[in-house]
Amino acid sequence: MSQKFTLAIAKGESFCNRTQEKKALSKSINHAEHTVIIAPRRYGKTSLISEVIRLNDYKHVWFDFLKAIDTADVIHVICKKLSNLIGQMTSDLNAIKGLIYKFFAHYKPEFISTIYGQSVKLSLQEKTASPEDIADLLLSIDQLAISLEIQVVIVCDEFQQMYDIDKSGVLQAAIRHAAERSERVAYIFSGSSRHMLEVLFMDKSKPLYRLCKIMKLDKIELEHYYDFIEKAAKERWGSVLPKQIMDEILVNMTELHPYYVNYLCMEIWDRYETIPSMEQVKIAWASLCEQIFPYIKEDVKGLSPNQKRVLKYLSQYPFGKTLDQTLLVEIGIRNYSSAKQALEYLKTKDLIYYSLKDNQYHIYDPLLRKYLR
Ligand SMILES: Nc1ncnc2c1ncn2[C@@H]1O[C@H](COP(=O)(O)OP(=O)(O)O)[C@@H](O)[C@H]1O
Ligand SMILES: [Mg+2]
């Protein structure tokens, strides 16, 4: 069975295209330039970063801020993971002991031998470790990378969490301090709330303003998906799917959402021993919707009545920025400011977006739209 379609991180054989983005990202890493990747949930941000790291075998550390609780917790995790990173930066820790003592003198490095080899432990007073320690440690990692002549990648995924956790911006300021001075360490920030990331990186009053190149990930293009799916179909059934069926899967059903493309194709590829008919593809899609709708229902439950009204209306009739009385009546909301508030909330939650192609608001998730209709 082909492992082309996965609900986890896509890599190698299961990774479709993104050639330009892979090239741009590795170029930035090689120049120690920093990038913020912005795209809605499940467009493939984490997969793209992982694939670039894997293909180039970059030494790296991955911070997933989704799990972060508060600033003290973030500091603790960063410090711990950075000491692990030191151990990974070389295959011969003994040979660089001198460098480690030099750059990390404040942190009394200890070398621990296990059956897996040696590792480094920095003794940080974790409870008292401060944002300055973070800046200092990050800069020391850069010093070590310079001495070893290697590139290092620091990934800060789900970074929108910092919007709430680091309200004062002290941690962001510490990261900026180190990132601005770094010669060999590239920072990649990513996350799933476009709105919050845009505030963190594009608002003049924020510490990370203009630190990074901005990479906005679009959906994977149709033609690349054709090739990808043709190959997988040949592997599975020895022949390709008719174009009409591919279009039904990619354009009409999943609307090129990588997660749904993978989910649906997994269903189809698992279910059918011979090349499926349009009818069979529809059955697989119906089964997928049935599996996904309970999750969507949960998401919708948390919304206010006005937010639901706006979403429900948008699921059938996209509209533009002018909220006149007629439209308000149709949506079922009494006044302009309540409708505006609901729209803003849905935007910050990344449920809807304003398209410059047709100057209208739309719902991102095709299944959310289908559910609401
Ligand atoms: N380039 C790609 N090719 C094929 N599938 C992909 C690709 N990028 C992402 N996916 C799939 O899309 C889903 C979401 O990917 P993920 O990287 O977790 O997105 P994000 O980090 O933006 O939420 C997963 O099922 C993953 O396998
Ligand atoms: Mg992700």
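Contact, as the word is used here, means heavy atoms within 4.5 Å. The structure is a predicted model, and the account below moves from its domains to its helix packing and then to individual residues.

The protein chain is divided into domain 1 (18-216), domain 2 (222-299) and domain 3 (303-372). Between the centres of domain 1 and domain 2, taken over C-alpha atoms, the separation is 37 Å.

A suitable starting point is Cys265, a residue of helix 11. With a relative accessibility of 0%, Cys265 counts as buried. Once neighbours within four places in sequence are left aside, Cys265 is in contact with Phe5, Ile229 and Ile249. Trp285 lies 20 residues from Cys265 in sequence, and the two C-alpha atoms are 9.3 Å apart in space.

Trp285 belongs to helix 12 and takes part in the contact of that helix with helix 11. How do these two helices pack? Helix 11 and helix 12 meet at an angle of about 130°, and their axes are 9 Å apart. An angle of about 130° falls outside the ranges for roughly parallel, roughly perpendicular and roughly antiparallel, and the two helices are therefore oblique to each other. Their crossing is right-handed. Helix 11 contributes Tyr259, Tyr260, Tyr263, Leu264, Glu267, Ile268 and Arg271 to the contact, while helix 12 contributes Val281, Ile283, Ala284, Trp285, Ser287, Leu288, Gln291, Ile292 and Ile296. By class, the residues of this contact comprise 12 nonpolar, two polar and two charged.

Helix 12 (residues 278-301) also packs against helix 10 (residues 243-253), at an angle of about 25° and with the axes 10 Å apart. Angles under 35 degrees count as roughly parallel, and helix 10 and helix 12 are therefore described in that way. The crossing of helix 10 and helix 12 is right-handed. On the side of helix 10 the contact involves Gln244, Ile245, Glu248, Ile249 and Met253, and on the side of helix 12 it involves Met278, Val281, Lys282 and Trp285. The residues of this contact divide into six nonpolar, one polar and two charged. Ile249, named here for helix 10, is also one of the residues in contact with Cys265.

The loop between helix 10 and helix 11 (258-271) holds Leu256. What is the sign of phi in Leu256? Phi of Leu256 is positive, at about 65°, although the residue is not a glycine. Most residues other than glycine have a negative phi. Leu256 is also buried, with a relative accessible area of 16%, the cut-off for that term being under 20%.

Ala32 provides another case of a positive phi in a residue other than glycine, with a value near 50°. Ala32 is placed in the loop between helix 1 (19-30) and strand 1 (35-38). Its relative accessible area of 8% makes Ala32 buried.

The last residue to be considered is Ile154, in strand 5 (residues 152-157). Is Ile154 buried or exposed? Ile154 is buried, its relative accessible area being 1%. Not counting residues up to four places away in sequence, Ile154 touches Val61, Phe63, Leu82, Leu138, Val185, Ala186, Tyr187 and Ile188. His34 is 120 residues from Ile154 along the chain, yet their C-alpha atoms are separated by 9.5 Å.

Key: Residues numbered from 1 in each chain as written. Chains lettered and ligands numbered in written order. Predicted model: local features only at pLDDT ≥ 70, side-chain atom pairs only at ≥ 80, totals over all residues. Heavy atoms only, no water. Axes fitted to C-alpha atoms, helices over the stretch in contact; angles between N-to-C directions. Helix = DSSP H or I, 4+ residues; strand = E, 2+ residues; numbered from the N terminus. Parallel < 35°, antiparallel > 145°, perpendicular 65-115°, else oblique. Left-handed = near helix turned anticlockwise from the far one by under 90°. Nonpolar A, V, L, I, M, F, W, Y, C, P; charged D, E, K, R; others polar. Domains from an automatic or database assignment. Buried < 20%, exposed > 50% of the residue type's maximum accessible area, 1.4 Å probe, protein only.
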